[in-house]
Amino acid sequence: MELIINQKTYPIPDNGDSRPLLLVLRDELNLTGTKIGCGAGICGACTVHIDGVPTRSCQTPVNSVLGKEIRTIEGLADVDGTLHPVQQAFIDLQVPQCGWCMSGQIMTAAALIDGNATPTPDQIITAMDKNYCRCGTYHRIRQAIAHAATLKKEATS
Amino acid sequence: MSNNSPKRWQITRRGLLIGLGGAGVLALGWAVGLPKLRLAISDAVEGTEKPFSRGAPKVSPTVWFTINPDNKIILNVQKIEMGQGILTALAQIAAEELDIAWERINVRMADTGSGVDDANGTGNSESVVSHYLPLRQAAATLVVMLKTAAASQLGVAAGSLTSQDATITSNDGRSLTFGAVVAAHTGEWVVPEDAPTLKPNSAFRYIGKSQPRVDLPGKVTGEVKYGHDMRLPNMLWGVVARPVKFGATIASVDQKDAATMPGVHTVVVEKDFVAVAAETKSQAQTALNTMDIVWTEPATPITQQAIENAVTVIPNQGVIIQHEGEPETLLADNSRIITLAYRTPMAVHAHLEPQAAIVDVQPDKVDAWVSTQVPAGMASGIADAIGRKADEVTVHPVFLGGGFGRRLDASLGAEAARLSAAAKRPVMIQWNRAEEFRNGFVRPPTHHVMQGSVDDDGHISVLSHHQASGDVLLTIFPPIVGDILGWDIGAVRGAKLYYTAKGGKQTIAQRVKLPIATSFWRGLGLLADGFAIEGFIDELAKSVSMDPLAFRLKNLPDTPFGNRMKGVLQAVADLAKWGTPLPAGRAYGIACSADAGTCVAQIAEVSVTGTTINVHHVYAAVDAGLVINPDGVKAQTEGGIMMGVSSTLIEEFVVVDGEAGAINFDKYPLLRNSQAPDISVVIVGGGDEPGGMGEPPIGPVAGAIANAVFALTGQRLTSLPLRLA
């Protein structure tokens, strides 16, 4: 079996099971940027993109994503190291505290602004409402996503 | 780093430590303690003692500079980065006094054994407080020593040298980098016995500035490694049998085929420890699930009702921990006495990174990577568990995905160590969310009886706080300590009354031993005590029809401490425009508290939809004395507020059928983004000493929200989480 992750192909053993993508990423491929929080699809720490759609990798059977484009936090920045506007905005506004939920927050937010260049405050909250942050950076997350949209607009204009 | 670490230490007359050995490297450190600002607040409100500080070794040097020949300057600190920005704050302090470019300093979390370990761990809001002056003095001493050595190397007088950005220059234009001076130095370093002159505050270029966090670039790209992310070659995955019921112990074990199942390497069955190590985590779990483990449950089932009954104030029980004037007389005689009882529930930490440990037990040494706030304590715990000496164990600190007090538990590494010792290979144990809920410890439940009365002129005449709480700090001591003391220093954090009561005031602590584990949670008793005291103060203000802000300002003492409290109250009132009308359906509530040398006041703006309480905005004023990183202070204020809002509106851990009522976030939800208020923070005060920031901002939150709900609805809610009738 093969997975396409961040535009690279990773062979993985076919155990004939439907083990979660998250555990394959973290425990088999050592792509530990994607985090585990609850293992039940509630907290959002494990969010990755599957064909551009933010998806809970802890609830995604690995055999359901064969041949699909998987993107993790390790593949979000450009290959030259230029950060995604959401990553840059999260640094600019000094959003992360402990940082454990941040891969999930950033992947969720990146999918939002990649699909909607000018999200409204309500759209931001709706998109981000299922990603827990125990350190309590919620309002900085909201501000940073608005800032990221501005950064993206500046970069493309 | 550890290869460069000194193996011997010399202590100078002033208590400064200098590392010897390790050619071409100079290392310097200092003992740390709590300065007087923090102690003054402790005396005023915290209790008679500082939870971690008394009893901990006073000579506990935790601050080390290492200068390498390439002029790289490393600050090794045994403080753990768990989101509070401590690495950045300590680097700012060090870079300031060394007077070097920001880019030149590299701050690292130090391994245990690389210096003298920090026995206090990371907690108690004291990392900046305890390091501020010692770090500056060590840095200044280091510069003096380097100048003295450079003078000798250049053949000039030390007084003629200047130091700028880690380069020492003589007045004839020759210069040497710090690294070059260290590399060329021969013989013993001489530590000056005179205390160095420190930079005047007016010359600060890093202290007081919002330097960007050094750990954030790696946190937005996924590069930073946390405990749960660590992997070792040849590592096994371990799982441990844990009870579902509180208080259950292992009665009997039938291993069945566990030891011969695919991938299984080692099965350990001991009286108190049943665990499996296998090549993959699922193989280990499958094998453990195969085993028949019979548990002995407690003779008396543990129920939620029994816990609440136990945690109930009983008149004349407990220990008087604060007593002024004659409160008993007034409480007995005064027909105007108002009494309110408050209750707070148990809560989990819900650190989003489940805890994890890799331990590699080798014949001659033990290496461990553990998600812990207490590396030194963890090293001892591991050593004890496997019968090794503590100095054979090196705990390598890792970033923490949230701490909140949960990772002050030193038992985590022991089970990985036991399994590694049996398997003779490195073993990783990762907890899952259900284990965190079932088998960790929780914030103790509390009950408070508040009593008081107010004179016609608006002065408090008598004030009494009787608190019943499960243990916090006593959990980590042998039982006899609690039996002798009779009260828990941690549980009463924030319990003492800081308002003036003309006739007298008292605080009584009633310790309750519970059958489930309770211990550290951000702020210890601070959230619960703030809820009870500040809610009750609002009720007293109402009893004489006074504005809650004016009532507080009138009844805080005219002391330096009282003036700081009034300062934050006035500042938050200005920020939120207290007193100006709000839109229909909105109301403000105000509260304040003091902790760890820091005074905080908050105003919450709420509305109500049906029986749902919405918190729209929290305004905060913070007086943390001298501020190292203003944005860091704001971030900690925001974080404390959000965690407090979550506790105030949502969180409640209950026991159901003798087990955890929730084992994941479906039944124990946390605050979500749509429920999270906007937050505005203003920093006031100043001076020469920093206060703590990790915990103080959680103190006023529940009180401010409950008081706003009262202002809006007339309902005086006295239990957390707040539930409208």
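In strand 4 of chain A, Pro54(A) is the bridge partner of His49(A). That pairing is a good place to start in this predicted model, and the points below move from chain A to an open sheet of four strands in chain B.

**Strand 3 of chain A and its partners**

- Strand 3 of chain A pairs with strand 4 (residues 53-56) of chain A in the antiparallel sense, over four bridges.
- The hairpin of these strands has two residues between them, and Asp51(A) takes a positive phi near 50° there.
- Strand 3 of chain A also pairs with strand 5 (residues 69-71) of chain A, again antiparallel, over two bridges.
- In strand 5 of chain A, Arg71(A) stands opposite His49(A).

**Two covered faces**

- In a regular strand, side chains alternate between the two faces of the sheet.
- Strand 3 (residues 47-50) of chain A is covered on both faces.
- Thr47(A) and His49(A) are buried on one side, while Val48(A) and Ile50(A) are buried on the other.

**The open sheet in chain B**

- The four strands of this open sheet follow the order 24-25-26-29 (chain B), and their pairing is mixed.
- Strand 24 (587-595) and strand 29 (678-684) of chain B are the edge strands, each pairing on one side only.
- From one strand to the next, the twist averages 20°.
- Strand 25 (residues 598-609) and strand 26 (residues 612-623) of chain B are antiparallel partners, joined over eleven bridges.
- Val615(B) in strand 26 of chain B stands opposite Val606(B).

**A helix across the sheet**

- Helix 16 (residues 630-649) of chain B lies across strand 25, strand 26 and strand 29 of chain B.
- This helix runs at about 135° to strand 29 of chain B.

Terms used
Residues are numbered from 1 along each chain as its sequence is written. Chains are lettered from A and ligands numbered from 1 in the order in which they are written. This is a predicted model: local features need pLDDT of at least 70, side-chain atom pairs count only at pLDDT 80 or more; totals for chains, interfaces and linings use all residues. Side-chain values use heavy atoms; hydrogens and water are left out. Two strands pair if DSSP finds at least two bridges between them. Axes are lines fitted to C-alpha atoms, for helices over the stretch in contact, and angles run from 0 to 180 degrees between N-to-C directions. Contact means heavy atoms within 4.5 Å. Buried means under 20% relative accessible area, exposed over 50%, partly exposed in between (1.4 Å probe, protein chains only).
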